[in-house]
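Let's walk through this fold together, starting with the whole chain and ending at a single loop residue. Have the structure open as you read.

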Amino acid sequence: MRLYQNRTMLVVCCPAIGYFFHAHVPEETALMSHIEPRFCSQCGSDQIVNRIPDGDDHLRDVCGACGHIHYFNPKIVVGALPIWEEKILLCKRAIEPRYGKWTLPAGFMEEQETLEEGALRETLEEAGARIVLTGLYTVISLPDISQVYMLYRANLSDLDFAPGRESLQARLFAADEIPWDELAFRTISLTLKHYLADCASGAFPVRNEILRHPARGVAG
Ligand SMILES: [Zn+2]
């Protein structure tokens, strides 16, 4: 079995059974440029060619044996900014990447769920917290790693919360307590900065942002 990782995907190949699968890895674990799959997910052939299929305008990994086209599309990360009496609920990560850093409860959207269901699920899983969503707040494109963050404002329903298995700790932070240097991701710090600024005006418009990889020379 062989493991490959590119900027957004972990690729696992097992020649013995002619099988591969891929899983997207979280933000900012970018390691390498795109690596083609070595085996076709449909027929197991190793005849994978990176080319533009007829009628398409993007390079794709196409199986030379059965013609199957391997599409890789962006992932949605959904989550919430839970509030209780002007304090913000953050979780301390118990998993890599960014073990020990603080984040808002968020994670990859599951199939067959809505954005709203995903935000509620992630908050329950990571912080053991029940929330009421009060509106979509940040929509952040991360084109270099093919992810889109969609975070909701929310009110905590009660103080009966506790860290889930992916969190070391879950606690409320007042505005002047936020551990800015210990936040896990730029998407989270950007969302918190917008929120604190908007609290002053009391208006919370949807914030549509783009964050690019710093190595590409574009400010994030
Ligand atoms: Zn094939």
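What share of the contacts in the protein chain with a separation of 6 or more comes from residues 24 or more positions apart? The answer is 60%, where a contact means two C-beta atoms, placed from the backbone, within 7 Å. Keep in mind that this is a predicted model: local features need pLDDT of at least 70, side-chain atom pairs count only at pLDDT 80 or more, and totals for chains, interfaces and linings use all residues. Residues are numbered from 1 along each chain as its sequence is written.

The protein chain has two helices and 14 strands; these are DSSP runs numbered from the N terminus, with helices (H or I) of at least four residues and strands (E) of at least two. Of its 220 residues, 30% count as buried (20 or more other C-beta atoms within 10 Å of a residue's own; 12 or fewer is exposed, in between is partly exposed; C-beta atoms are placed from the backbone).

Now for the inside. The largest nonpolar core (buried Ala, Val, Leu, Ile, Met, Phe, Trp, Tyr and Cys residues joined through C-beta atoms within 7 Å) holds 35 residues, and Leu104 and Tyr152 are among those with the most contacts inside it. Elements giving it two or more residues include helix H1 (115-127) and strand E12 (147-156). E12 supplies the largest share, five residues. Leaving aside residues up to four places away in sequence, Leu104 touches Gly79, Ala80, Leu81, Leu90, Leu151, Ile188 and Thr191.

Finally, the loop between strand E10 (106-108) and H1 contains Glu110. Glu110 counts as exposed because just 12 other C-beta atoms lie within 10 Å.
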